[in-house]
Amino acid sequence: MHSRIPPVGLVWSFAPFAIVSVVHVMALWLSSPIAAPTKLFLMPLLLVPVAVASRRLTPRTAVALLVCAIALSWLGDAAGAFFGFAPELPTMLLFFGLAHGAYMLLFARHAVRRRLPRWTLIYGVWWVAMLILLASHVGPLIAAVAVYGLVLGGTATLASRCHPLTVSGSFLFLLSDSVLAFRLFLPEWMPPWTSPAVMATYTAGQALIVAGMLLTLSRTRECTMATVAAS
């Protein structure tokens with residue numbers, strides 16, 4: 001039995017997420033009131049491709065980590081809506097930090113395809129540069145921002161050993177959070193169009209990470225079945 005996810009089926013399973021992502025980004029661009037509610041639908045819709053492909057994916061622990069990362073990202077997106085009793089930014093950082101932790105475990109244990117490239121040293125340079133630029137503007141959040149930056153850079157670094165789609169997606173995720181950091185702490189530097197840019201790069205990044213992992217985990221199953229058949 002051929003278990004790889006059909007490319008057409010994979011693309012179509014992302015369609016609901018892609019449509020709502022475009023609507024959300026356009027709503028941000030136009031300052032529409034539908035921007036907030038559409039944001040809450042993004043990560044649940046990203047679970048659709050995982051559900052469609054679930055019977056073809058292995059190991060199940062990897063699938064669980066992928067679902068966990070998406071769910072925690074959703075809680076990060078919805079921090080203001082679901083946890084109004086808590087400070088929004090620290091709550092958002094907490095859930096996204098946990099999401100990145102799940103992604104890092106997933107990449108390190110279930111998606112390695114190559115050695116760590118030397119070019120990933122750029123992520124260390126990025127981290128130092130971000131701290132230098134933001135240090136005098138983040139106040140008491142400096143420790144949290146530094147730790148979150150390490151986690152974000154760690155995710156992108158570990159992703160560099162994975163499927164090319166996952167590599168690209170993690171870079172876009174890092175880019176999105178970098179722009180968001182400047183919008184939060186140095187808003188006078190950032191033009192209005194950077195708000196939709198944050199979500200455009202974020203949604204594209206998450207979609208590419210998930211697509212790369214679905215292809216990787218389906219390939220893992222295919223190789224496992226081939227090994228069993230050969231024995």
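**Figure 1. Helix α6 and its buried residues.** In α6, the buried residues are Leu89, Thr91, Met92, Leu93, Phe95, Phe96, Ala99, His100, Ala102, Tyr103, Leu106 and Phe107. The view is taken from a predicted model. Helix α6 contains 23 residues, and the distance from its first C-alpha to its last is 33 Å, close to the 33 Å expected at 1.5 Å a residue. An α-helix has 3.6 residues a turn, so residues three or four places apart point the same way.

**Figure 2. The protein chain as a whole.** The chain comprises 10 helices and zero strands. Read from the N terminus, the order of elements is α-α-α-α-α-α-α-α-α-α. The radius of gyration is 18 Å, close to the 17 Å given by the globule rule for 231 residues, so the chain is as compact as a globular protein of that length. Along the principal axes, the C-alpha atoms fill a box of roughly 60 × 40 × 30 Å. Buried residues account for 46% of the 231 residues. Of the contacts between residues at least 6 apart in sequence, 77% join residues at least 24 apart.

**Figure 3. The largest nonpolar core.** This core has 55 residues, and the members that touch the most others are Leu66, Tyr103, Val210 and Leu214. Two or more residues each come from α2 (15-29), α3 (35-53), α4 (60-77), α6 (88-110), α7 (121-134), α8 (142-159), α9 (164-185) and α10 (194-230). The greatest contribution is that of α10, with 10 residues. In soluble globular proteins, nonpolar side chains tend to be buried together. Tyr103, one of the members touching the most others, is also among the buried residues of α6.

**Figure 4. Helix α4 and the surroundings of Ser73.** The 18 residues of α4 should span 26 Å at 1.5 Å a residue, and the end C-alpha atoms are indeed 26 Å apart, in agreement with that value. Buried positions in α4 are Ala62, Val63, Leu65, Leu66, Ala69, Ile70, Leu72, Ser73, Gly76 and Asp77. Leu66 is also one of the core residues that touch the most other members. Ser73 belongs to helix α4 and has a relative accessible area of 0%, so it counts as buried. Apart from neighbours within four places in sequence, Ser73 is in contact with Met43, Phe96, Ala99, Tyr202 and Gln206. Two of these partners, Phe96 and Ala99, are themselves among the buried residues of α6.

**Figure 5. Aromatic pairs.** Nine aromatic pairs are found in a search of the whole structure. Phe83 and Phe85 make an edge-to-face pair, with ring centres 6.1 Å apart and 75° between the planes. Phe85 has a relative accessible area of 72% and is therefore exposed. A stacked pair is formed by Phe182 and Trp189, at 6.1 Å centre to centre and 15° between the planes. Phe182, by contrast with an exposed residue, has a relative accessible area of 13% and is buried. Ring pairs also link Phe83, Phe85 and Phe95 into a cluster. Phe95 in this cluster is a buried residue of α6.

**Figure 6. Cysteine residues Cys68 and Cys162.** The count of disulfides is zero. For Cys68, the closest cysteine sulfur is that of Cys162, 17 Å away, which is too far for a bond, given that the two sulfur atoms of a disulfide must lie within 2.5 Å. Cys68 counts as partly exposed, at 34% relative accessibility. Cys162 counts as buried, at 0%.

**Figure 7. Two loop residues, Arg55 and Pro191.** Arg55 lies in the loop between α3 and α4. Its relative accessibility of 76% makes Arg55 an exposed residue. Arg55 and Ser218 are 163 residues apart along the chain, yet their C-alpha atoms are separated by 9.1 Å. Pro191 lies in the loop between α9 and α10 and counts as partly exposed, at 28% relative accessibility. Pro191 and Ile70 are 121 residues apart in sequence, and the distance between their C-alpha atoms is 29 Å. Ile70 is one of the buried residues of α4.

Definitions and conventions: Residues are numbered from 1 along each chain as its sequence is written. This is a predicted model: local features need pLDDT of at least 70, side-chain atom pairs count only at pLDDT 80 or more; totals for chains, interfaces and linings use all residues. Side-chain values use heavy atoms; hydrogens and water are left out. A nonpolar core is a set of buried Ala, Val, Leu, Ile, Met, Phe, Trp, Tyr and Cys residues joined through side-chain atoms within 4.5 Å. Buried means under 20% relative accessible area, exposed over 50%, partly exposed in between (1.4 Å probe, protein chains only). Helices (H or I, at least four residues) and strands (E, at least two) are DSSP runs, numbered from the N terminus. The expected span of a helix is 1.5 Å times one less than its number of residues. Rings of Phe, Tyr and Trp (its six-membered ring) pair if their centres lie within 6.5 Å; planes under 30 degrees apart count as stacked, over 60 as edge-to-face and the rest as tilted. Contact means heavy atoms within 4.5 Å. The radius of gyration is taken over C-alpha atoms; the globule rule is 2.2 Å times the number of residues to the power 0.38.
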